[in-house]
Each structure stands twice: as C-alpha cells, then as structure tokens.
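Here is a set of exercises to work through with the model open beside you. Try each task before reading its solution.

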Amino acid sequence: MKTRVAIIGAGPAGLLLSHLLEREGIESIIVEAQSSDFVLGRFRAGLLEAASVDVLDEAGLSERLHRDGLEHRGVYVQWPGTKRAVDFVERGGRPVWVYGQSELTRDLSDARFAAGQQMYYNVSDVALHDVDSSAPFLTGVDATGRSIRIDADVIVGCDGFAGVSRDSLAQSLRAVYERRYPHSWLGFFADVPPSSDQIIFAWHPEGFAMHTMRSASISRFHLQVDPHDHISAWSDDRIWETTARRLGSGDNDWTLHTGPITEKSILPLRCRITTPMRHARLFLAGDAAHVVPPTGAKGLNLAIADVTLLARALGAWKRGDESLANAYSDSALRRVWRAAEFSWSWSSALHTTGDPFDDQLQLAQLDWLTSSPTGGAGLAEKFSGVPIAFG
Ligand code: APR
C-alpha cells in the first residue's frame, strides 16, 4: 500500500490528524494495534479547552459535543470551610467543555468511517523503517495474519505512551524529561447524577479530591492515594466515605450523591516529555511524545493542538513550504511545557504531602489563586488555554 501519511494509532490524535489532513487534501492510512471496540470503550480524559473546541468546530466534528457536552464557565476550588467559584470568563479566559474522551473518539471515528478513511485495526508488530530517507515505510501484521507494508512520504506516531514510534527518534533524540509524582490517583465513575454544576477541586488535609462529570447521569471522581495502594484495598464503601469526607458532604447544605460505581482504577501521576517531536520523516503527536498529570486536564488538549499544528505544517509542505514542518517540534513543545508547568503547579497546590508547613503554603497559594484578580486571571488562562499557533 502507498499513501502520503502513514499514521500509527487510532486514538484521538491519529483520528483527528487523518481528518485534518483530508481537509488539506492529503490522504493517509491509519494502523491501530487494538480493535475498534477496545479503542472506543476506553474511558479517559474529558475536559476540552475552548481552543480544542474551535478546532472541532472548524473541522465539522462538534455537533454532538455541542448537543451532549456540558459547557462550564469555571470551576470550584475548596478546602475545609471555604468554597470559591473561579469564573474563567469573568477572569478574561474562555469556557471549557466537559465531554468524555470516548465520546469524542466515537465522533472522530464515525467521521473517518463516513469519509472512507483507510483504517486497519488489530495490526500487530508494527515497525518503522527508513525514517531518515524520503521513502519511509511501515510494516506489520494485519488482523488476518497477513504481512502488510505501507509506503509513505511521512510517518506520524500517534501511538500513545506505550507506542513503538518514539524509539525511531533515536538518532535525533535530545532528551527525555521525566517526573514521577509521590502520589497516585484513584479514579472512578459512578452511575449517579453530578452533585455539582461545575467541577470541584478540593484540598483536604487527608488528600486531594476532585468531582467532575461525564453527563447528566454519570459522575467522575478522583482521589489522591498512596502510590503503593492497590485498588483491592478500596471497597466501594471506603471510596464513597473518603470522597464524602474530602469533598465536605454535609457542609453548607451541600450533599454528595452516591450510587453504583461502574469503573475504578489507580494510576500513577507522572510527566514524561520526549524531545524533539520530529526526526527526519517521522513526527510524533499526542501521548506518544508527552504525558502530563491529569490534574490540569491537558493530555487530550495537547494531542488536539499537536495534530492541528502538524496538519497545517504538512499542508504547507505539500504546497512546497517545509518551514512549518521544521517549526513543528519547537512550537508544539512550547505549548507542551506550558501545560507541564500548569499540571505541576496545580497538582502541587492540591496534593498534600503530610508536612504541615506544606499544607499552609498550599492553602496560601489556593487563597491567592481564588481571591486575587491576578491569580484568578492566571488560573483562568492556564485552564481555558491559549490559541493554537506556531511560534
Ligand atoms: N501499533 C499500532 N497502534 C498502537 C501501537 C502500536 N505498536 N501502540 C499503541 N497503539 C495505539 C493504541 O492502541 C491507542 O489506540 O495508539 C493509540 C494511542 O491513543 P491514545 O493513547 O489515546 O493517545 P493519543 O491519541 O495521543 O490521545 C491523547 O490524551 O487525555 C489524554 O491520555 C489521554 O489518550 C489520551 C491522550
């Protein structure tokens, strides 16, 4: 098979990239290791910056998002005895949208199937070849056990944190930056209407808690837990009791609604950034290049920003101008590092360390962010994001 752009991975980054490339008049083929059902069934992030929504609007992919998604002007930040609303719009930012990543992946996938996109699921043993040359190619084994080869002008690794494409950067690799955080997140979904009209970020001496939502009937929560904790130690009763305590259920007439927990897991908080995001004819986008702690909800938004820049760059290259392709890595990484900084500072303000001195510093920081116009404006901008642009 031959195509202009061979894309590895049918997550949000790969699917959106193929859609944006088509709008640039560039054909692509996607290969994905998992089945379509598996990819669509994965629960993950769910907060979209306004700039991400702009991209989806322009690409004609946001009908269901605007119908079923929840537009939020801001968030609540609280600690025992205090609850403050931070209105992003009032502070000079833009609204954000709560919309499950699985829903967005479904929209992207439906749009690609409708457009006749060449997509191969259940492809194993994907390997990259000759990315240094002007004729790179991929090999793999398709769902029927047949060997496949895809020749392309460019290969894009959208294969997530555990993907294979990053290894082919070897000759250009500058650095891999990594930070492991000293705590993990217990995340769970519950079949219960949200107990809040906006996302709640709660500092509590016992640990951070967050309440968000997927829809009018599905709630999502995160709890700071010890990195050595195993999910089997967290019964549903223990989870609800801890959540209620940390979120202050019963305070000021606010009550946490509880219900059946449908999914629960523990994930470590980490940041890992690979630089650069391009080597010769190989480009990386999304989680393949970077993961950031979910506290700032930037992972999905960074993936959208990467492929937006990359589609523009490859479009310009097709018209004979390689300058944007040359600028891609630096431009994408500038945004990535800003998101990494926000994810780090926001995580650091909310996750307790067990040190009473740290507690007081964190509370001072949260007080400033939620009461000072300057602090609030910074938080609003970091949350709601800035336009996606080269530079
Ligand atoms: N061959 C083919 N496909 C692969 C391979 C491989 N060797 N390795 C991984 N993949 C596929 C995965 O199965 C997955 O479907 O690549 C896809 C990567 O998708 P995601 O992990 O969703 O990554 P990305 O598209 O960059 O999405 C951005 O933002 O909110 C965050 O982490 C969240 O997934 C989200 C990400």
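**Exercise 1. Find where Pro276 sits, then look at the peptide bond before this residue.**

Solution. Step one: Pro276 belongs to the loop between β17 (261–275) and β18 (278–279); strands here are DSSP runs of E with at least two residues, helices are runs of H or I with at least four, and both are numbered from the N terminus. Step two: the bond that joins Thr275 and Pro276 is a cis peptide bond, with omega at about -5°. Most peptide bonds are trans, and most residues other than glycine have a negative phi.

A word on the ground rules before going on. This is a predicted model, in which local features need pLDDT of at least 70 and side-chain atom pairs count only at pLDDT 80 or more, while totals for chains, interfaces and linings use all residues. Residues are numbered from 1 along each chain as its sequence is written, and side-chain values use heavy atoms, with hydrogens and water left out.

**Exercise 2. Locate Asn122 and Ala280, and describe the backbone and exposure of each residue.**

Solution. Step one: Asn122 is not a glycine, yet its phi is positive, at about 55°. Its place is in the loop between β8 (118–120) and β9 (124–129). With a relative accessible area of 37%, Asn122 is partly exposed (buried means under 20%, exposed over 50%, partly exposed in between, using a 1.4 Å probe and protein chains only).

Step two: Ala280, also not a glycine, has a positive phi of about 50°. Look for Ala280 in the loop between β18 and β19 (282–284). Ala280 is partly exposed, at 30% relative accessible area.

**Exercise 3. Work out which residues pair in salt bridges, and how accessible the partners are.**

Solution. Step one, the rule: side chains of opposite charge can pair when their charged atoms come close. Here a salt bridge is a side-chain nitrogen of Lys or Arg within 4 Å of a carboxyl oxygen of Asp or Glu. The count by this rule is 23 salt bridges.

Step two: in the pair of Asp142 and Arg146, the closest N and O atoms are 2.9 Å apart. Is Asp142 buried or exposed? Asp142 is buried, with a relative accessible area of 9%, whereas Arg146 is exposed at 52%.

Step three: Glu381 and Arg338 form a salt bridge at 3.4 Å, N to O. Glu381 lies in helix α10 and Arg338 in helix α8, so this pair ties together parts that are 43 residues apart in sequence. Both partners are partly exposed, Glu381 at 40% and Arg338 at 43%.

Step four: shared partners in salt bridges join Arg64, Arg67, Asp68, Glu103 and Asp107 into one network. Within it, the closest N and O atoms of Asp68 and Arg67 are 3.2 Å apart. Asp68 is partly exposed at 36%, and Arg67 is exposed at 56%.

**Exercise 4. Describe the second largest pocket and its lining.**

Solution. Step one: the volume is about 350 Å³. On a 1 Å grid over the protein atoms alone, a pocket is an open set of points where a 1.4 Å probe fits, with protein on both sides within 12 Å along at least five of seven lines; lining residues have an atom within 4 Å of a point. Points are joined across faces, edges and corners, and the volume is the space filled by probe spheres set on them.

Step two: 21 residues line this pocket, and the closest to its centre are Arg334, Arg335, Arg338, Val386 and Pro387.

Step three: α7 (299–318), α8 (323–350) and α10 (373–384) each supply at least two lining residues. Which helix gives the most to the lining? That is α8, with seven residues.

Step four: the lining has nine nonpolar, four polar and eight charged residues (Ala, Val, Leu, Ile, Met, Phe, Trp, Tyr, Cys and Pro count as nonpolar, Asp, Glu, Lys and Arg as charged, and the others, Gly among them, as polar).

**Exercise 5. Place Gly385 and list its contacts.**

Solution. Step one: Gly385 is in the segment after α10. Step two: leaving aside neighbours within four places in sequence, Gly385 is in contact with Glu49, Lys298 and Ala380 (contact means heavy atoms within 4.5 Å). Step three: Gly385 and Leu48 are 337 residues apart in sequence, but 9.4 Å apart in space, C-alpha to C-alpha.
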